[in-house]
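Reader: I have a structure open on my screen and would like to go through it with you. May I ask short questions as we proceed?

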Amino acid sequence: SIFDIDPNPDQPRKHFDESALNDLANSIRTHGVIQPVVLTKNGARYMIIAGERRFRAAKLAGLESLPAVIRNYTAKERSEISLIENLQREDLNPIEAANGIRSLMEEFKCTQESVAERIGKSRSVVANTLRLLTLTPPVIELVKSGRLSAGHAKVLVAVGDPEIQKKYALAASDNKMSVRDLEKLVRIYLNPEKYASRRTTDSQSLELRELISDMQHVFATKVKAIGN
């Protein structure tokens with residue numbers, strides 16, 4: 001019975017999009033659960049190792065049972081397999097993915113290279129994802145909520161000042177600024193002398209003038225041009 005199944009408390013995915021779950025539930029009502037969930041015995045009950053999203057959607061669809069494969073795993077194996085299964089998916093938000101990678105490294109003594117091999121990603125992807133956890137908490141929350149993309153967030157890792165980082169994140173959130181324009185802004189912030197030494201009036205590039213205009217709109221204040 002579906003009522004004998006419990007989610008895995010170590011599941012790295014903490015947010016399940018309600019709209020997407022409803023869509024899957026509607027599909028399940030029509031076609032059923034096509035891919036079985038993977039369970040392991042947990043006392044008198046069963047714990048999900050892989051397939052919690054399908055399980056949740058099946059409950060929404062009103063199913064009382066669903067196809068499942070039951071495997072015998074140790075507690076350590078349960079945790080590791082659940083982490084790897086989720087990290088192989090593309091729809092984890094970037095912070096969930098970063099926390100999952102960190103858990104694999106800390107709990108199972110994995111290196112970045114071995115994590116990359118297990119989840120089928122490059123080492124650079126693993127390293128860049130982990131760097132997101134160095135962001136200031138308000139910026140991390142923007143990424144979690146989907147208001148700030150992973151691309152924008154990776155650019156902001158280079159900004160050490162928490163207040164500046166938050167200010168730039170809010171300016172770029174909700175796609176108000178492209179990743180490319182945020183990169184320009186961060187380059188100017190990190191190398192003000194370099195850009196100040198290139199100060200011009202007439203030869204200022206159209207690209208920079210457009211960026212200045214965008215910044216004035218985003219920050220709702222005057223922005224001074226210091227480079228081209």
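Author: Certainly. Please keep in mind that this is a predicted model. A convenient place to begin is E52, which is buried, with a relative accessible area of 6%.

Reader: What counts as buried here?

Author: Buried means under 20% relative accessible area, and E52 has 6%, so it is buried.

Reader: Where is the place of E52, and which residues does E52 touch?

Author: E52 has its place in helix α2. Leaving aside residues up to four places away in sequence, E52 touches P7, N8, Q11 and F16.

Reader: What do the buried residues of α1 pack against?

Author: They pack against α2, which covers 52–60. The buried residues in α1 are L21, L24, A25 and I28. Seen down the axis of α1, its buried residues fall within an arc of 105 degrees, so they line one face of the helix.

Reader: Which residues are exposed on the other side of α1?

Author: D23, T30 and H31 are exposed there.

Reader: Does the length of α1 make sense? What should the helix span?

Author: Helix α1 has 14 residues, 18–31, and at 1.5 Å a residue these should span 20 Å. The end C-alpha atoms of α1 are 20 Å apart, which agrees. Just after α1, G32 takes a positive phi of about 80 degrees.

Reader: Turning to the sheet, in what order do the strands come?

Author: Four strands form an open sheet in the order β1-β3-β2-β4, with mixed pairing. The edge strands are β1 (5–6) and β4 (68–70), each of which pairs on one side only.

Reader: In what sense do β2 and β3 pair, parallel or antiparallel?

Author: Strand β2 (residues 37–42) and strand β3 (residues 45–50) pair in the antiparallel sense, over five bridges. Among the bridge partners, T40 is matched with M47 of β3, and L39 with I48 of β3. The two strands form a hairpin with two residues between them, and G43 in the turn has a positive phi of about 70 degrees.

Reader: And how many bridges join β2 to β4?

Author: Three bridges join β2 to β4, and these strands run parallel. The bridge partner of V37 in β4 is A68.

Reader: Which strands does helix α3 touch?

Author: Helix α3 (residues 75–87) packs on the sheet and touches β2 and β3; its direction makes about 40 degrees with that of β3.

Reader: A change of topic: how many residues are in the largest nonpolar core?

Author: The largest nonpolar core has 20 residues, and those with the most contacts inside it are L135, L148, L156, L182 and V186. The elements that give two or more residues to this core are α7 (137–144), α8 (150–156), α9 (162–172) and α10 (179–190).

Reader: Is there another core, and which residues are among its members?

Author: Another core, of 16 residues, lies apart from the largest one; I5, V33, F55 and L66 are among its members.

Reader: Back to L182, please. Which residues does L182 touch?

Author: Not counting residues up to four places away in sequence, L182 touches H152, V155, L156, Y168, A172 and M177.

Definitions and conventions: Residues numbered from 1 in each chain as written. Predicted model: local features only at pLDDT ≥ 70, side-chain atom pairs only at ≥ 80, totals over all residues. Heavy atoms only, no water. Expected span 1.5 Å × (residues − 1). Buried < 20%, exposed > 50% of the residue type's maximum accessible area, 1.4 Å probe, protein only. Arc of directions from axis to C-beta. Contact = heavy atoms within 4.5 Å. Core = buried A, V, L, I, M, F, W, Y, C linked by side-chain atoms within 4.5 Å. Pairing = 2+ DSSP bridges. Axes fitted to C-alpha atoms, helices over the stretch in contact; angles between N-to-C directions.
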